[in-house]
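Trainee: I would like to learn how to read a sheet and the helix beside it. Could you take me through one example, giving the general idea before the particular case?

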Amino acid sequence: MGKDWNPVLLWREERQEEARLGPGVSRARDGEQTRPFKLLVLMANAPAMKVTLLAPNRRAALRYGKNRWPGAAVEVVQ
């Protein structure tokens with residue numbers, strides 16, 4: 001091995017998609033009528049999470065979860 005060889009420089013990280021956050025994107029807008037929805041979030045190399053989000057409807061709750069945890073499998077559970 002040459003003097004310039006460095007194993008740390010061989011480490012490659014894939015660019016991960018970043019979360020999109022904000023009112024109407026990852027949570028309900030202020031003053032919007034909401035109710036709680038339970039979500040199951042499954043990420044690679046991490047234990048499953050159960051979270052409760054306030055959303056106006058089931059479709060919005062799913063969208064909020066996918067925007068908070070991009071790349072994860074998100075489903076609404078009851």
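Mentor: Let us begin with a pair of residues that face each other across two strands, remembering throughout that this is a predicted model. Lys38 stands opposite Val77 in β3, and Val41 has Val74 of β3 as its bridge partner.

Trainee: In which sense do β1 and β3 pair, and over how many bridges?

Mentor: The general idea is that strands of a sheet pair through backbone hydrogen bonds, either parallel or antiparallel. Here β1 and β3 pair in the antiparallel sense, and five bridges join them. The pairing of β1 with β2 is also antiparallel, over seven bridges, and within β2 it is Lys50 that stands opposite Leu40.

Trainee: What links β1 and β2 along the chain?

Mentor: These two strands form a hairpin with six residues between them, and in its turn Asn45 has a positive phi of about 60°.

Trainee: In what order do the three strands lie in the sheet?

Mentor: The order is β2-β1-β3, in an open sheet with antiparallel pairing. Because β2 and β3 stand at the edges and each has a single partner strand, one side of each is left without a neighbour in the sheet. From one strand to the next, the twist averages 35°. The helix α1 packs on this sheet, where it touches β1, β2 and β3, and its direction makes about 125° with that of β2.

Trainee: Which residues of α1 are buried?

Mentor: They are Ala60, Ala61, Tyr64, Gly65 and Asn67. Around the helix axis they cover an arc of only 165°, so they lie on the same side of α1. What these buried residues pack against is β1 (35-42), β2 (49-55) and β3 (73-77).

Trainee: Is Asn67 buried or exposed, and on what value does that rest?

Mentor: Asn67 counts as buried because its relative accessibility is 8%, and buried means under 20%. Leaving aside neighbours within four places in sequence, Asn67 is in contact with Ala19, Arg20 and Val25. At the start of the same helix, a side-chain oxygen of Asn57 comes within 3.3 Å of the backbone nitrogen of Arg59.

Trainee: Which residues touch the most other members of the largest nonpolar core?

Mentor: The general idea is that in soluble globular proteins, nonpolar side chains tend to be buried together. In this model the largest nonpolar core has 14 residues, of which Leu39, Val41, Ala55 and Tyr64 touch the most other members. At least two residues of this core come from each of β1, β2, α1 and β3. Tyr64 has a list of contacts that includes Val25, Leu53, Leu54 and Ala55, not counting residues up to four places away in sequence.

Trainee: Which residues of β3 are on its covered face, and which on the uncovered one?

Mentor: Val74 and Val76 make up the covered face, while Ala73, Glu75 and Val77 make up the uncovered one.

Key. Residues are numbered from 1 along each chain as its sequence is written. This is a predicted model: local features need pLDDT of at least 70, side-chain atom pairs count only at pLDDT 80 or more; totals for chains, interfaces and linings use all residues. Side-chain values use heavy atoms; hydrogens and water are left out. Buried means under 20% relative accessible area, exposed over 50%, partly exposed in between (1.4 Å probe, protein chains only). Contact means heavy atoms within 4.5 Å. Helices (H or I, at least four residues) and strands (E, at least two) are DSSP runs, numbered from the N terminus. The arc is that of the directions from the helix axis to the C-beta atoms. A polar contact is a pair of N or O atoms within 3.5 Å; within protein, one must be able to donate a hydrogen and the other to accept it, and residues adjacent in sequence count only if both atoms are side-chain atoms. A nonpolar core is a set of buried Ala, Val, Leu, Ile, Met, Phe, Trp, Tyr and Cys residues joined through side-chain atoms within 4.5 Å. Two strands pair if DSSP finds at least two bridges between them. Axes are lines fitted to C-alpha atoms, for helices over the stretch in contact, and angles run from 0 to 180 degrees between N-to-C directions.
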